Structures are given as structure tokens and as C-alpha cells.
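Okay, thanks for coming, everyone. I'll put something on the screen and talk you through what I noticed, so have a look while I go.

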Amino acid sequence: MDPVAAKYLGAGLACLGMGLAAIGVGSIFGNFLSGALRNPSAADGQFGRAFIGAALAEGLGIFCFVVALVLMFVL
Amino acid sequence: MAAGGGIDPIHQFEIHPIVGLRPFGLDLSFTNSSLLMVLIVGVVSLVMIYGSSQRAVVPGRLQSLAEIAYEFVASTVTGVMGKDGMRFFPFVFSLFMFVLTANLLGMVPSSFTVTSHIIVTAAFAFLVIGVVLVYGIVKHGSHFFGLFVPSGVPGWLLPFMVLIEAVSFVSRPISLSLRLFGNMLAGHIALKVFGGFVVALTTGAGVLGYVIAPLPLLLAIALTALEFLVAFLQAYVFAILTCVYLNDALHPGH
């Protein structure tokens, strides 16, 4: 295979991981919201925790993004 | 890498020297990045010093801005670390205000986003982990390493758990720096790419181009609003994760 084509294919494949991380972040906020609607008075206290979880899940998607960027612009 | 209409989405992240300074072969030039950093420190200092100088019972605009910022970070710090976490408040507050102002000033058109460079965010992340390590070892000594040994785990599983905890601790500065850097970089690239679509459609695609061009323009406006949200959110995430990591140094052991 042409190495340039393989590079762009790899960058595109790395972007799949970003979509999977989006599922994770959506699941965290979806569950947070369904819990918050059942017990709104307890929601404010767990706000920070929801964001910690979302940040950790999102970080893995960002790794995929960085892999794609490295393939496109650095290698 | 031209996106559309010959517009380079990476061009906006270029660092160019304003005042060249090269003593002894070291490049110590005053760049556009340094200029923005000086500007950020100036803006934050001005808001906080002027905002806290009035001390009115009914706060004015600037004073309530300073008070909201203080209250917000203070509640985050005490919420994660408890009352004795307030000793780290100046550190967390400085980090939060610097990152927030850097992200927001980066949203000004044709300015420069300091936090879109990994060297800046990595310096912050290693500073945070350095504080965690130094404070944890000075305060708790060898007890600090109990952080890697979770309690209530069966003996045969313990080596694996210690390994996993160690890997997760080592990857913290990497993920902390990459998260901020990746978010700012991705947002600004997306803005530039959609701007490039508008230019390409209006210059090279005839009448049909003019019909389609408002769509990416509207999307670029929506993305700008999203970027302001991300600018605040990433500063908050950086601050709260700093609190979580500092909490490990303050209260090690599970």
C-alpha cells in the first residue's frame, strides 16, 4: 500500500476512537441527568463528580485525536 | 495541509518572535506566546486587585466578578479536598484563572491561544504532579505510597492492582496536559476549517456556492459559541482534576 494513503487511513481510523469516547461521555451525562431528575436536591453535590468522569472518558478520545494529528502533520 | 481555499488551519498556532533574543545560542526571544502570557497575567491581576480594592457591601461589576471567581474555586476546592484543602487554594486559583483567561483571550479573532501548545499545558501538568509528589512525600513519608495499594483486595490480585494503580498515576500528567491541549487545538482547527469552507464556496463554486455558503457560516457561529463553553469547561476540569490529584497527597490511603 502507498505509505501516504496508509497514513491518511490510519488518521481516519484513529477518529473512530473519538466517536467511541463520545458514547462514553454521553452515557455519563445521560445517567447523571436521569439520576438528577429523580432526586434534584442531590444533583448539585454530584455535579463535580459527573465532570470528573466525563473528563476522564473524554481524555481517551483526545488521545485518539492526538494520534490522528501526529499521523497527519508530524510523521 | 490546505483545507479549503488554500487556508492553512495550523497556521494560527505558529510562534513567531517579536523581539529576537539569542544569547549564547539559546533562543530566548519574546514571542507572540510570551506576549499573550504577559497579557493574561496582567488581565487577571488587574481584575483581582481592582475588584478586591473597593470592598463595597453592594459589589460593583468588577468586584462581583472577582467574588464569583473566588467563591466558585473555593467551593470546588472544599468540595473535593475538604476544609484543610484550602491551603492549596492559591495554587488552584492561580491555575484556574490563568487557564481560563488564556482560553478566553485565545477566542479573540487573530490572537493566539497559549494553551493550544502542549509545552505550556505539560508544564502546568508536571507542576501539579510535582506538587503532589513533593507534598505527599514530605507530609506522609513512605505512607504516601499506600496510594498504590488499594485495601480490601485479595492477595493474589494485589500485584496487578499495584501495577494498574502505578500506571494510572504515571499517566496522570500526560492525560491532564493532553486534554487541555487537544480540546483547544481541535476547537480552533474546526473553526478555521469551517471558515475555510465559506471562503472556498464563495470564491470557487459559482452561484451554487453562494447558496450553500451560509450553512458552514452558521455552523462556524454555533461552533464559536461552543468554543466559549469549552474554554470555561476545560479550565474547570483542569482545576477540579488538580484538586482530585492534590487530595491524594493530602489524604493518601484508601
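So, let's begin with what UniProt says about chain B. An unreviewed entry there lists "transmembrane region" for residues 30-50, 88-106, 118-138, 144-168, 189-212 and 218-246 of chain B. What we're looking at is a predicted model, so I checked how a couple of those spans come out in it.

Take residues 88-106 of chain B: that span is 95% helix and 0% strand, and the C-alpha atoms at its ends are 27 Å apart. Then residues 189-212 of chain B, which come out as 96% helix, again with 0% strand, and here the end C-alpha atoms lie 21 Å apart.

Now, where does the nonpolar stuff go? The largest nonpolar core has 48 residues, and the ones touching the most other members are F96(B), V99(B), A239(B) and C243(B). Helix α3 of chain A gives two or more residues to this core, and so do α1, α2, α3, α4, α5 and α7 of chain B. The biggest share is from α7(B), with 12 residues. Separate from that core there's another one, of five residues, including L191(B), F194(B) and F197(B).

Let me stay with V99(B) for a second. Leaving out residues up to four places away in sequence, V99(B) touches T115(B), L180(B), A235(B) and F238(B).

Okay, over to chain A. How many helices and strands does chain A have? Three helices and zero strands, so to speak α-α-α from the N terminus on.

And have a look at the outline. Along the principal axes, the C-alpha atoms of chain A fill a box of roughly 60 × 15 × 10 Å. The radius of gyration of chain A is 17 Å, while a compact globule of 75 residues would be near 11 Å. Buried residues are 16% of the 75 in chain A. As for contacts within chain A between residues at least 6 apart in sequence, 89% of them join residues at least 24 apart.

How do the two chains meet? 12 residues of chain A are in contact with 16 residues of chain B. On the chain A side, that's nine nonpolar, two polar and one charged.

Last thing, confidence. Chain A has a mean pLDDT of 89, with 100% of its residues at 70 or more. Within chain A, helix α1, residues 3-38, has the highest confidence at 92, and helix α3, residues 47-74, the lowest, at a mean of 86.

That's my tour, thanks.

Notes: Residues are numbered from 1 along each chain as its sequence is written. Chains are lettered from A and ligands numbered from 1 in the order in which they are written. This is a predicted model: local features need pLDDT of at least 70, side-chain atom pairs count only at pLDDT 80 or more; totals for chains, interfaces and linings use all residues. Two residues are in contact if their C-beta atoms, placed from the backbone, lie within 7 Å. Ala, Val, Leu, Ile, Met, Phe, Trp, Tyr, Cys and Pro count as nonpolar, Asp, Glu, Lys and Arg as charged, and the others, Gly among them, as polar. Helices (H or I, at least four residues) and strands (E, at least two) are DSSP runs, numbered from the N terminus. The radius of gyration is taken over C-alpha atoms; the globule rule is 2.2 Å times the number of residues to the power 0.38. A residue is buried if 20 or more other C-beta atoms lie within 10 Å of its own, exposed if 12 or fewer, and partly exposed in between; C-beta atoms are placed from the backbone. UniProt positions are given in the numbering used here, feature names are shortened, and annotations may be inferred rather than shown by experiment. pLDDT is the predictor's confidence in each residue, from 0 to 100. A nonpolar core is a set of buried Ala, Val, Leu, Ile, Met, Phe, Trp, Tyr and Cys residues joined through C-beta atoms within 7 Å.
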